[in-house]
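Here are my notes for a first look at this one. Keep the viewer open and follow along point by point.

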Amino acid sequence: MGGMSVRTQTSEQPAESVHRAGFACFVGRPNAGKSTLTNALVGQKVAITSNRPQTTRHTVRGIVHRPDAQLILVDTPGLHKPRTLLGERLNDVVRTTWAEVDVIGFCLPADQKLGPGDRFIAKELAGIKKTPKVAIVTKTDLVDPKTLAEQLIAIDQLGKELGIEWAEIVPVSAVGDKQVDLLADLLIPMLPEGPALYPEGDLTDEPEQVMVAELIREAALEGVRDELPHSIAVVVEEMLPREDRPADRPLLDIHANVYIERPSQKGIIIGPKGKRLKEVGIKSRKHIEALLGTPVFLDLHVKVAKDWQRDPRQLRKLGF
Ligand SMILES: Nc1nc2c(ncn2[C@@H]2O[C@H](COP(=O)(O)OP(=O)(O)OP(=O)(O)O)[C@@H](O)[C@H]2O)c(=O)[nH]1
Ligand SMILES: [Mg+2]
């Protein structure tokens, strides 16, 4: 296969004294592990994840701080064949992002053979000549070395076939914490020289309301099947400190709506005697309290926004 170089932890890193700052985006088909990898690199959950495809619905920025660099990761929605207006909007968001970043990380799961979905994305990437492209093989903990080797060769060949010159091919496991730091080491030299773009310590630029809504959606996605994950949207209507609380025992009131598309979906989300919705509340509240560092009273309501994925007006209302 001549000339193919796959990175492992033993590679030497050249010493550099300049400061670099810039953007890398992760693209790939739904469920490839983009958001999980983003969180692993940042060291904290900034993007929600699930085993349902199309979990991410907007670009999420996660920030990696190093003494000599600031690497801003742009996690994007999985690119797929759109079936709804929402799907088209998500694909547009991804393509707009490509034009704005310094390096593109193409995520390909190790446990699935390259498919038409991957080729579709690769063909589009081939058209972006200027930006360096790194092929990232995700979820390496799920496969044996032979399968991984075959995947690496297949990716190398895909690049040759489509005229993409991979700047690197890097196998990683976000869940197993394998080669995650190495990936950052490889991306940083591809960033332009320049000062930090975000304040030290910031891990994301997501507004709190959005993070909170996402954590609720993540909890709501768990255990629902078929088309329902796509139908769920969450909007935080209000976040206010409860009045008349002693200073040492604050409480934050959060009111949020969980939207679904059809009245028939209401029962599934709420569950028998409200059991499911209650679990979603308990689970997401824990994550929200950890995120905001304050006790929270979470008030969840389920509402129907009829066919919102296809309705421009509803999409706008829900922030798309
Ligand atoms: N075993 C293993 N599972 C992983 C790894 N990375 C991600 N996953 C799992 O793969 C599933 C999808 O992960 P996500 O990070 O949500 O995937 P995504 O590419 O962001 O998906 P979309 O936002 O829908 O495009 C989740 O169930 C993750 O737990 C990994 O390194 N190892
Ligand atoms: Mg995602």
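1. Is R66 buried, partly exposed or exposed? The model is a predicted one, and in it R66 counts as partly exposed because its relative accessible area is 25%, which falls between the 20% limit for buried and the 50% limit for exposed. Hold on to R66, as it comes back below with a partner.

2. Start with the overall layout. The domain assignment splits the protein chain into domain 1, residues 20-190, and domain 2, residues 208-317. Their C-alpha centres are 28 Å apart. Across the boundary, 17 residues of domain 1 touch 21 residues of domain 2.

3. Next, find the sheet. It is an open one with 6 strands, and going across it you meet β2-β3-β1-β4-β5-β6, with mixed pairing. At the edges sit β2 (60-66) and β6 (166-171), each with a pairing on one side only. From one strand to the next, the twist averages 25°.

4. Inside that sheet, look at β1 (residues 20-27) beside β4 (residues 103-109). These strands pair in the parallel sense, over 4 bridges. To find the spot by residue, go to A24, whose bridge partner in β4 is V103.

5. Now for the helices on the sheet. Helix α2 (residues 85-98) packs on it, touching β1, β3 (69-75) and β4, and its direction makes about 145° with that of β1. Helix α5 (residues 180-187) lies across β1, β2, β3, β4, β5 (133-138) and β6, and it runs at about 170° to β6.

6. What coordinates the magnesium ion (ligand 2)? In this model S35 does so through OG and T56 through OG1, at 1.9 to 2.1 Å. The two come from distant parts of the chain, 21 residues apart: S35 is in helix α1 (residues 34-42), while T56 is in the loop between α1 and β2. Both S35 and T56 are buried.

7. How many salt bridges does a search of the whole structure find? The count is 14. One of them joins R29 to D118, with the closest N and O atoms 2.7 Å apart. R29 belongs to the loop between β1 and α1 and D118 to helix α3 (residues 116-126), so you need to jump 89 residues along the chain to get from one to the other. R29 is buried, and D118 is buried too.

8. Back to R66. Its salt-bridge partner is D185, and the closest N and O atoms of the two are 2.8 Å apart. This pair also links distant parts of the chain, with R66 in strand β2 and D185 in helix α5, 119 residues apart. D185 is partly exposed, with a relative accessible area of 25%, and R66 has 25% as well.

9. A last pair to check is R95 with E124, a salt bridge whose closest N and O atoms are 2.6 Å apart. R95 lies in helix α2 and E124 in helix α3, so the pair ties together parts that are 29 residues apart in sequence. R95 is partly exposed at 30% relative accessible area, and E124 is partly exposed at 26%.

How values were computed
Residues numbered from 1 in each chain as written. Chains lettered and ligands numbered in written order. Predicted model: local features only at pLDDT ≥ 70, side-chain atom pairs only at ≥ 80, totals over all residues. Heavy atoms only, no water. Pairing = 2+ DSSP bridges. Axes fitted to C-alpha atoms, helices over the stretch in contact; angles between N-to-C directions. Contact = heavy atoms within 4.5 Å. Donors = N, O, S within 2.8 Å, 3.2 Å for Na, K, Ca; no water. Buried < 20%, exposed > 50% of the residue type's maximum accessible area, 1.4 Å probe, protein only. Salt bridge = Lys/Arg side-chain N within 4 Å of Asp/Glu carboxyl O. Domains from an automatic or database assignment.
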